[in-house]
Amino acid sequence: MARSMSASAFRQQLGPLALVQRPRKTSPETAARLQASADDGPTSLVQPGVILARMVLLAIETEDLDVAILPPMGSADELLVGRQPDCDLVIDHDSVSHRHAALRWDESTHRCSLKDFGSTNGTFVNIVTPITGEVVLSDGDIVSFGNVAFLFLLAETLHAKLMQAAGSIGPGPRK
């Protein structure tokens with residue numbers, strides 16, 4: 001998709017930001033357990049070593065990544081993150097609280113902030129101590145909701161990375 005669009009068209013299609021993660025391989029048994037915990041199960045405890053390992057993989061392995069599809073964001077929209085099906089970004093992992101955190105985009109400053117809702121395992125930016133209050137994210141930050149790590153990218157940065165990767169594969173369609 002990125003190879004056939006300009007950066008501005010890509011941003012218009014995707015929105016101002018993206019959360020990218022390594023795909024998880026889930027067995028049918030694990031998927032059933034995660035679905036049950038999303039409905040009413042308890043949140044499991046975070047494992048700092050798991051967060052660190054996933055952060056390192058995001059930083060060094062840029063192939064085979066999943067982009068979380070987020071609803072378009074307006075000037076001061078808030079996207080809810082959690083395990084519940086009514087969240088804007090549903091993360092089916094038992095280390096994520098039902099209503100874990102929120103992302104807020106401010107179009108006037110082109111900044112995204114992140115706020116934890118007092119989740120069991122916390123929300124981390126670049127694996128420092130759990131955030132308190134609201135923090136502003138920077139392009140390229142690693143954001144972890146419980147044990148689930150994402151790379152936070154502005155749409156333009158993601159477009160550039162995809163174009164760079166496409167260039168190493170070969171030429172795309174010409175217009």
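**Exercise 1. Work out what share of the protein's residues counts as buried.**

Start with the cut-off: buried means under 20% relative accessible area, with a 1.4 Å probe and protein chains only. Applied to the 175 residues of the protein, this gives 38% buried. Keep in mind that the model is predicted: local features need pLDDT of at least 70, side-chain atom pairs count only at pLDDT 80 or more, and totals for chains, interfaces and linings use all residues. Residues are numbered from 1 along each chain as its sequence is written, and side-chain values use heavy atoms, leaving out hydrogens and water.

**Exercise 2. Trace the strand order of the open sheet and find its edges.**

First, recall that strands are DSSP runs of E with at least two residues, numbered from the N terminus, and that two of them pair if DSSP finds at least two bridges between them. Next, read the order of the five strands: S4-S3-S5-S6-S8, with mixed pairing. The edges are then S4 (89-90) and S8 (134-137), each pairing on one side only. Finally, look inside the sheet: S5 (residues 101-106) and S6 (residues 111-116) run antiparallel over six bridges.

**Exercise 3. Describe the surroundings of serine 113.**

Begin with its place: serine 113 lies in strand S6, and arginine 104 stands opposite. Then check exposure: serine 113 has a relative accessible area of 11%, so this residue is buried. Now list contacts (heavy atoms within 4.5 Å): beyond neighbours within four places in sequence, serine 113 touches residues including Leu103, Arg104, Glu134 and Val136. Last, the side chains of serine 113 and glutamate 134 make a polar contact at 2.5 Å; such a contact is a pair of N or O atoms within 3.5 Å, where, within protein, one must be able to donate a hydrogen and the other to accept it, and residues adjacent in sequence count only if both atoms are side-chain atoms.

Methods
Helix = DSSP H or I, 4+ residues; strand = E, 2+ residues; numbered from the N terminus. Buried < 20%, exposed > 50% of the residue type's maximum accessible area, 1.4 Å probe, protein only.
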